[in-house]
Amino acid sequence: MTLLTLHLIFKEQELPEIIRDLRSANTSWIICGAAAAVLFVAGESVIIHYMLRVLEQKISFFKCLKYSFIGFFFSYITPSSTGGQPMQMYHMKKDKIKIGYSTLIMLLITIAYKSVLIIMALGFMMFNFGTVVKYSADMKWLIVLGFVLNLFFIALLLLVFIKPIWARALGIKTVGLLVKMKIMKKKNKDKYTEKLIRICDTYAMGADYIKKNLSVVFNVFVLTAIQRTFLFSITWIVYKAYGLSGMSFMDMLTLQILIAVAVEMLPLPGAAGISEGCFLLTFTGIFGNDLVKPALLISRGLNFYLILLIGAVVTFTVHIINIRKEKRTTIQ
């Protein structure tokens, strides 16, 4: 994927030209973009902290920030972002947060994260359809696939909410089918079936809480919309960094949201390669042939690699601290 990304960026453009255009971007705007990226991650921390307070758990905001950076780090390096939440729950458990609470929080964050994306996409498409048609026509089928995958995922979660017994039965049948098709080894059938039942039961308990606390759910959805807006605004910030005009904030936000719909559910770590391809397809007509690749590098650097780097530093630091704590406990 890294090779594909480099090929897309450096195809038909010399490296010195790209470096020159990178340097021409306004530094103040780039700093704003970096701040937006950090605020995006901090937005999830606000949600986790809020939920923990609702559940009467006294955890500092900085620990919640730790959970978020660790979560995004592992999400960015695993297919379909599957590695983030288990690691967040692991570190919450280390901080003495009950697994039931962490599961509920992660469940609600997942539902809000996916649902808000679809709601925002439909809303912006409805009120900004001309911009969508003009700049996103080349990836229309990828957007359609993205909508289908996201809606299917949300539907599965809703099935667990509304009919947890049905969801469990469907999951068990799916495991049996995978074994028959020899996609899953027979010896692993019982292990995955037990795991599936445990997940469905936990989600069912979470669903019961959500049904009784709709105001909390509403607040989480609002916070999630604000959080995601910080991330989606980075491309517009890069646009302003080059002193460009003609496209409104709402136009740029609409296009970035549609790219997110198209790529987020694909089984690629950090949606590498496909994100860059969609950016070039969508924004070449906006930034122009000379600036679109430097804009891609800055945008991707801020909304992916900066978060990945900070997440790696936080994860490594926390790991070292935990090792030292365990050594002190063993000595005592």
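## A buried pair to start with

With a relative accessible area of 17%, Asp95 counts as buried, because the cut-off for buried is under 20%, while exposed means over 50% and partly exposed lies in between (1.4 Å probe, protein chains only). Asp95 has a partner: Lys66 forms a salt bridge with it, and their closest N and O atoms are 3.0 Å apart. The two come from distant parts of the chain, 29 residues apart, with Lys66 in helix 4 (residues 61-77) and Asp95 in the loop between helix 5 and helix 6. Is Lys66 buried or exposed? Lys66 is buried, because its relative accessibility is 17%.

A salt bridge here is a side-chain nitrogen of Lys or Arg within 4 Å of a carboxyl oxygen of Asp or Glu. Before going on, please keep in mind that this is a predicted model, in which local features need pLDDT of at least 70 and side-chain atom pairs count only at pLDDT 80 or more, while totals for chains, interfaces and linings use all residues. Residues are numbered from 1 along each chain as its sequence is written, and side-chain values use heavy atoms, leaving out hydrogens and water.

## The whole protein

What is the protein built from, counting helices and strands? It has 15 helices and 0 strands; these are DSSP runs numbered from the N terminus, with H or I and at least four residues for a helix, E and at least two for a strand. Of the 332 residues in the protein, 47% are buried. The accessible surface comes to about 17800 Å², and carbon and sulfur atoms hold 67% of it; such areas come from the Shrake-Rupley method with a 1.4 Å probe, and for residues only the protein chains shown count as cover.

Contacts also tell us about the fold. Taking contacts with a separation of 6 or more, 76% are between residues 24 or more positions apart, where contact means heavy atoms within 4.5 Å.

## A second salt bridge

How many salt bridges does a search of the whole structure find? The search finds 2. Besides Lys66 with Asp95, Arg300 forms a salt bridge with Glu276, the closest N and O atoms being 2.8 Å apart. This pair also links distant parts of the chain, 24 residues apart: Arg300 belongs to helix 15 (residues 292-331) and Glu276 to helix 14 (residues 274-287). Both Arg300 and Glu276 are buried.

## Helix 3, from cap to end

Helix 3 (residues 27-54) has 28 residues, so at 1.5 Å a residue it should span 40 Å, and its end C-alpha atoms are indeed 40 Å apart. The expected span is 1.5 Å times one less than the number of residues. At the N-terminal end of helix 3, Asn26 acts as a cap, with a side-chain oxygen 2.9 Å from the backbone nitrogen of Ser28.

Just after helix 3 comes Glu56, with a positive phi of about 60 degrees, although Glu56 is not a glycine. It sits in the loop between helix 3 and helix 4 and is exposed, because its relative accessible area is 71%. Lys96 is another residue to look up: it has a positive phi of about 70 degrees without being a glycine. Lys96 lies in the loop between helix 5 and helix 6, and it is exposed at 72% relative accessible area.

## Polar residues inside

Which residues touch Gln227, leaving aside neighbours within four places in sequence? They are Phe40, Gly43, Glu44, Ile47, Phe72 and Tyr113. Gln227 is in helix 11 (residues 214-232) and is buried, because its relative accessible area is 2%.

Lys114, in helix 6 (residues 99-127), is buried at 11%. Beyond its neighbours within four places, Lys114 contacts Asn150, Phe153, Ile154, Glu264 and Met265. His91, in helix 5 (residues 84-94), is buried at 6%, and beyond such neighbours it touches Tyr67, Ile70, Val318 and Asn322.

## An enclosed helix and a surface patch

Helix 13 is largely enclosed by the rest of the structure, because 13 of its 15 residues are buried.

On the surface, Trp141, Val144 and Val148 form a nonpolar patch with about 340 Å² of accessible area together. Patches are made of residues with over 30% relative accessible area and no salt bridge, joining like charges within 9 Å and nonpolar side chains (Val, Leu, Ile, Met, Phe, Trp, Tyr) within 5 Å. Val144 lies in helix 8 (residues 140-162) and is partly exposed, because its relative accessibility is 40%. An α-helix has 3.6 residues a turn, so residues three or four places apart point the same way.

Definitions and conventions
Polar contact = N/O pair within 3.5 Å; in protein donor to acceptor, adjacent residues only side chain to side chain.
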